[in-house]
Amino acid sequence: MATSRWTGRLLDVCVWGTPVIVAGMFLWLISDLILRGSAAFQPGTESTGASYSLIAVAEQILRFLTAAPERAGRGGGIGPILVSTGMILAVCMSVVVPIGLGTAMFLSELVSDQNRLGRLVRRSLDLLAGVPSIVFGLFGNAVFCQWLGFRYSIVAGGLTLACMVLPLLIRSAEEGFRSVPDSQRHAAAALGFSRWSTVFRVILPQSTPGIVAGLILGLGRALAETAALLFTSGYVDRMPRSFLDSGRSLSIHIYDLSMNVPGGNQNAHASALVLVVLLILINLTAHRLTYRFLHREVRYA
Amino acid sequence: MTASNSTAGAVHVENVSIRYGAKFAIQNVSLTIPPQAITAIIGPSGCGKTSLLCSLNRLTDLIPGCGVTGLIRIGDTNVLDRRTDVIALRRRVGMIFQHPNLFPMTIRRNLELPLREHGLQDRRGLQEQIECSLTDVGLWTEVRDRLDRPALSLSGGQQQRLCLARALSLQPSVLLLDEPCSALDPQSTSVIEELLLRLRATCTVAVVTHNLAQARRIAERTALLWPDTNGSRLVECSDTQSLFESPQSRVTEAFISGKVG
Ligand SMILES: Nc1ncnc2c1ncn2[C@@H]1O[C@H](COP(=O)(O)OP(=O)(O)O)[C@@H](O)[C@H]1O
Ligand SMILES: [Mg+2]
């Protein structure tokens with residue numbers, strides 16, 4: 001009896017302890033970033049008589065988010081870098097969403113599990129998902145920068161990221177489609193819906209949670225990616241003039257500041273803080289959207 | 001009452017066999033489902049009643065590995081012909097499933113979606129048809145104030161009636177029902193039975209049922225399917241009264257007296 005009581009205790013401790021550890025790691029990371037990064041937002045480090053008012057801090061944050069980097073990033077802000085990052089993500093997502101949803105639809109709605117082509121596609125996706133990002137970088141450099149002649153550019157970077165993110169989105173969108181029970185397909189078919197109406201009006205609205213989850217995963221991975229962009233979108237930290245111009249993404253900026261620029265640590269942390277906040281924001285909006293969508297269409301009881 | 005097409009066609013089934021992979025569910029079944037009458041299809045579970053029903057609107061197309069051979073005619077449509085327009089066919093042949101399968105959307109949207117799919121776009125027309133089909137199934141007074149509530153918040157009986165309203169809104173000439181009352185309480189069951197009796201005037205109705213008393217209550221004709229070594233066969237198909245009172249086959253006799261099945 002005593003043993004079982006002690007085992008119970010132990011299990012209790014584990015079950016309560018592990019989430020505390022996980023949450024603790026997250027809090028540690030965040031507070032570390034805030035502590036080190038926020039130094040960059042402290043007003044008046046160069047001017048005398050610093051006032052630590054809230055407005056001044058907000059001004060400082062705004063300045064950091066919009067100003068151009070100075071002295072290789074040691075000073076100034078990350079304005080052009082945010083713009084480049086946004087443009088890279090835009091290229092990536094505008095390619096990934098249509099192709100990803102199309103492929104997921106193909107795999108789940110058009111071909112059976114035994115279909116040769118379907119199996120080939122699935123197998124390739126599994127392989128692609130496991131390829132290290134540096135390999136995608138080399139591939140993207142060979143194909144988009146050189147062969148297609150985009151050079152080091154935002155387009156080349158975005159397309160390379162698209163190749164990387166595609167398997168993630170396809171897999172979770174496919175799961176989303178498959179989570180819709182066959183009884184829904186039968187209901188639609190029995191009412192004389194065409195195959196495409198069934199997909200677009202019945203299946204798709206019910207699979208948004210899976211699709212949104214895939215998009216978050218994909219965006220997160222794209223936002224965090226460094227290696228694949230090193231050889232494709234380039235290094236230049238000035239404001240990009242077009243999608244064919246080179247641009248430095250946030251993650252590359254962080255990498256560069258912490259590895260190659262002595263004295264860049266403070267701004268590296270500040271940029272990392274921005275990156276993490278962005279990721280959290282994407283997550284929250286996605287959840288918000290799914291929730292809203294669910295409560296419009298799929299209100300269960 | 002729904003104005004169904006007056007050309008409610010008979011359903012002729014000739015030598016139909018249905019297989020899943022290599023395994024036959026039914027073998028060489030022939031029967032006629034006459035218009036303006038209710039035909040009950042009875043038999044023990046797993047004897048292929050659902051499969052037979054699904055072959056009539058080619059829902060079997062959706063099941064991988066399922067093959068249907070033989071001849072099925074509805075009105076003057078050759079159902080199993082490759083060139084048959086299945087969408088037009090399924091529009092004319094409504095189907096109700098064993099478990100209500102509403103879309104997880106609002107009540108209104110459940111009814112609007114199929115109507116829009118078949119070309120009805122204007123708001124007035126939609127609203128009228130929605131009211132008309134909900135009135136048909138006796139649901140209008142119950143849900144008129146909550147058309148924009150989720151359909152899945154309805155009770156089981158209401159959900160099944162909404163399925164029926166959804167099917168009827170397309171004004172089918174043939175209605176197939178697969179054990180429509182098996183999960184319902186007696187009250188919803190009797191509402192649906194009354195509805196079927198009214199629909200009989202305009203529709204060809206085929207209803208699969210586990211409930212022999214129900215077959216006796218509502219069906220003019222009854223068909224009994226019975227499992228055989230390689231797929232079920234049709235044992236008997238005649239008018240309900242004679243099938244129950246003077247069965248031609250010993251299997252029928254045993255089944256209706258509850259000794260087997
Ligand atoms: N999708 C399917 N795949 C394989 N076999 C099936 C499938 N659906 C039904 N069957 C088989 O066909 C036979 C008839 O099933 P069904 O038509 O559902 O019978 P019933 O409706 O009379 O209970 C059963 O033996 C069942 O196992
Ligand atoms: Mg069945």
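**View 1. Chain A, read from end to end.** Helices are DSSP runs of H or I with at least four residues, strands are DSSP runs of E with at least two, and both are numbered from the N terminus. Read in that way, chain A of this predicted model follows the pattern α-α-β-β-α-α-α-α-α-α-α-α-α-α. Chain A thus holds 12 helices and 2 strands. If you would like a sense of scale, the C-alpha trace of chain A spans about 75 × 70 × 40 Å along its principal axes.

**View 2. A salt bridge within helix α6 of chain A.** Here the side chains of Arg171(A) and Glu174(A) come together in a salt bridge, with 3.4 Å from N to O. Where do Arg171(A) and Glu174(A) lie? Both belong to helix α6 of chain A, residues 154-178, and they sit 3 residues apart, about one turn of the helix. For context, the count over all chains comes to 20 salt bridges.

**View 3. Where chain B meets chain A.** This close-up shows the contact between the two chains, to which chain B brings 26 residues and chain A brings 21 residues. The size of an interface is often given as the accessible area lost when the parts come together. For chain B and chain A, the buried area is about 2,100 Å², and carbon and sulfur atoms give 65% of it. Three residues are worth finding on the chain B side: Phe103(B), Pro104(B) and Glu117(B) supply 27% of the area that chain B buries against chain A, more than any other three residues.

**View 4. Polar links and the chain B face of the interface.** How many salt bridges cross the interface of chain B and chain A? The rule finds 0 salt bridges there. It does find 4 residue pairs in polar contact across the interface of chain B and chain A, with both partners at pLDDT 80 or more. Turning to the side of chain B that touches chain A, two or more residues come from each of α2 (86-92), β6 (93-96), α3 (107-117) and α6 (156-168) of chain B. Of these elements, α3(B) gives the most, with 4 residues. By class, this side of chain B is made up of 16 nonpolar, 5 polar and 5 charged residues.

**View 5. The largest cavity, lined by residues of both chains.** The structure holds 2 cavities of 30 Å³ or more, and the largest cavity contains about 60 Å³ of space. From chain A, the lining takes Ala187(A), Ala190(A) and Leu191(A). From chain B come Met95(B), Ile96(B), Phe97(B), Asn101(B), Cys163(B), Arg166(B) and Ala167(B). At least two lining residues are supplied by each of α7 (182-190) of chain A and β6 and α6 of chain B. Which element gives the largest share of the lining of the largest cavity? That is α6(B), with 3 residues. The lining of the largest cavity has 8 nonpolar, 1 polar and 1 charged residues.

**View 6. The second largest cavity, lined by residues of chain A.** The volume of the second largest cavity is about 40 Å³. Its lining includes Thr85(A), Ile88(A), Leu89(A), Leu161(A) and Ala222(A). Also in the lining are Leu223(A), Glu225(A), Leu229(A), Ser249(A) and Ser251(A). Helices α3 (79-110) and α9 (208-224) of chain A each supply at least two residues of this lining, and α3(A) gives the largest share, 3 residues. The residue classes in the lining of the second largest cavity are 6 nonpolar, 3 polar and 1 charged.

**View 7. The largest pocket, with lining residues from chain A and chain B.** About 730 Å³ of space lies in the largest pocket. Among the 24 residues that line the largest pocket, Glu109(A), Arg185(A), Arg195(A), Asp61(B) and Leu62(B) lie nearest its centre. Two or more lining residues come from each of α3, α7 and α8 (195-206) of chain A and from α2 of chain B. Helix α7(A) provides the largest share of the lining of the largest pocket, 4 residues. Sorted by class, the lining of the largest pocket has 10 nonpolar, 5 polar and 9 charged residues.

Conventions. Residues are numbered from 1 along each chain as its sequence is written. Chains are lettered from A and ligands numbered from 1 in the order in which they are written. Side-chain values use heavy atoms; hydrogens and water are left out. Contact means heavy atoms within 4.5 Å. Buried area is the accessible area (1.4 Å probe) that two parts lose on being put together, summed over both. A salt bridge is a side-chain nitrogen of Lys or Arg within 4 Å of a carboxyl oxygen of Asp or Glu. A polar contact is a pair of N or O atoms within 3.5 Å; within protein, one must be able to donate a hydrogen and the other to accept it, and residues adjacent in sequence count only if both atoms are side-chain atoms. Ala, Val, Leu, Ile, Met, Phe, Trp, Tyr, Cys and Pro count as nonpolar, Asp, Glu, Lys and Arg as charged, and the others, Gly among them, as polar. On a 1 Å grid over the protein atoms alone, a cavity is a set of points where a 1.4 Å probe fits but cannot get out, and a pocket is an open set with protein on both sides within 12 Å along at least five of seven lines; lining residues have an atom within 4 Å of a point. Grid points are joined across faces, edges and corners, and a volume is the space filled by probe spheres set on the points.
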